[in-house]
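Let's take a friendly walk through this fold together, moving from one pair of neighbours out to the whole sheet and what surrounds it.

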Amino acid sequence: MDATYNRERRAAGFQKRPAGEEVTMSGEITVCVNCGAKNRLRVPPPGKTPVCGQCRSALPWLVHATDADFRDAVAAPVPVLVDFWAAWCGPCRAIAPVLEELAREQAGHVKVVKLNVDENPATASEFQITSIPTMILFKGGRPVETVVGAVGKPALLLQILPHLPK
Ligand SMILES: [Zn+2]
């Protein structure tokens, strides 16, 4: 998650993605943990989480949000962990793989939303983000837990897992 990655993401059409199509870390494709099938991640029907087109297992759900679609992004039927990050932030790069692992390991139980604070200052300001990375867990569209800093995976799980469905 560095400046190069960000440029490539923009070049790949991140800003102009079609309506109804969400963007994953790996460029719109998410791999099914159960069968390995590559799936293009789309916005699921209301009340649903994304499932594999091949085996119907829950897919890792990790998307990028903007000021424009943030409310929609956190209105999910599962808890939503929002990562407030920036391209220049080293600790953000350190925590990024942990969040991807969480999305895979808790597929169907959590949605991970990444919000670039430089490109989306309104949302960062609304939630009073003063240092990054900051991760806020939303349930029913409301913040219920905040984690500040690139804490290790065990510390992150300690705060987040109690809020996730079993
Ligand atoms: Zn599958």
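A good place to start is D83, which stands opposite K114 in strand 5. Please keep in mind that this is a predicted model. D83 belongs to strand 4, together with L81 and W85 on one side, while V80, V82 and F84 lie on the other, and all of these residues are buried. Six of the six residues of strand 4 are therefore buried, so the strand is largely enclosed by the rest of the structure. This two-sided arrangement is easier to picture with a general point in mind: in a regular strand the side chains alternate between the two faces of the sheet.

Now look at the neighbours of strand 4. Strand 4 and strand 5 run parallel and are joined by six bridges. Within strand 5, V113 is the bridge partner of V82. With strand 6, strand 4 pairs in the antiparallel sense, over five bridges. Here V80 stands opposite F138, and L81 has L137 as its bridge partner. Strand 6 is mostly covered as well, with five of its six residues buried.

Continue from strand 6 to strand 7: these two run antiparallel and are joined by six bridges. One facing pair is K139 and R142, the latter in strand 7. The two strands form a hairpin with two residues between them, and in this hairpin G140 takes a positive phi near 60°.

With those pairings in hand, you can step back to the sheet. What is the order of its five strands? The order is 3-5-4-6-7, in an open sheet with mixed pairing. Strand 3 and strand 7 (142-148) are the edge strands, each pairing on one side only. On average, neighbouring strands of this sheet are turned by 25° against each other, with direction ignored.

Next come the helices. Helix 3 covers residues 90-105, and its 16 residues should span 22 Å at 1.5 Å a residue; the end C-alpha atoms are 24 Å apart, which agrees. There is nevertheless a kink of about 25° at A96, shortly before the proline P97. Which residues of helix 3 are buried? They are C92, I95, L99, L102 and A103. Their cover includes strand 3 (62-65), strand 4 (80-85) and strand 5 (111-116).

Helix 5, made of residues 153-160, lies across strand 4, strand 6 (134-139) and strand 7. Relative to strand 7, helix 5 runs at about 160°.

To see how the chain links some of these pieces, return once more to strand 4, where six of the six residues are buried. From strand 4 the chain crosses through helix 3 to strand 5, and this β-α-β crossover is right-handed.

Finally, turn to a loop. A68 lies between strand 3 and helix 2 (70-74). Is A68 buried or exposed? A68 has 11 other C-beta atoms within 10 Å, and a residue counts as exposed at 12 or fewer, so A68 is exposed. A68 also has a partner from elsewhere in the sequence: A68 and T123 are 55 residues apart along the chain, yet their C-alpha atoms are 9.1 Å apart in space.

Methods: Residues numbered from 1 in each chain as written. Predicted model: local features only at pLDDT ≥ 70, side-chain atom pairs only at ≥ 80, totals over all residues. Helix = DSSP H or I, 4+ residues; strand = E, 2+ residues; numbered from the N terminus. Expected span 1.5 Å × (residues − 1). Bend = angle between axes of the 7 residues up to and from the residue. Buried ≥ 20, exposed ≤ 12 C-beta atoms within 10 Å, placed from the backbone. Contact = placed C-beta atoms within 7 Å. Pairing = 2+ DSSP bridges. Axes fitted to C-alpha atoms, helices over the stretch in contact; angles between N-to-C directions. Right-handed = clockwise from strand over helix to strand, strands pointing away.
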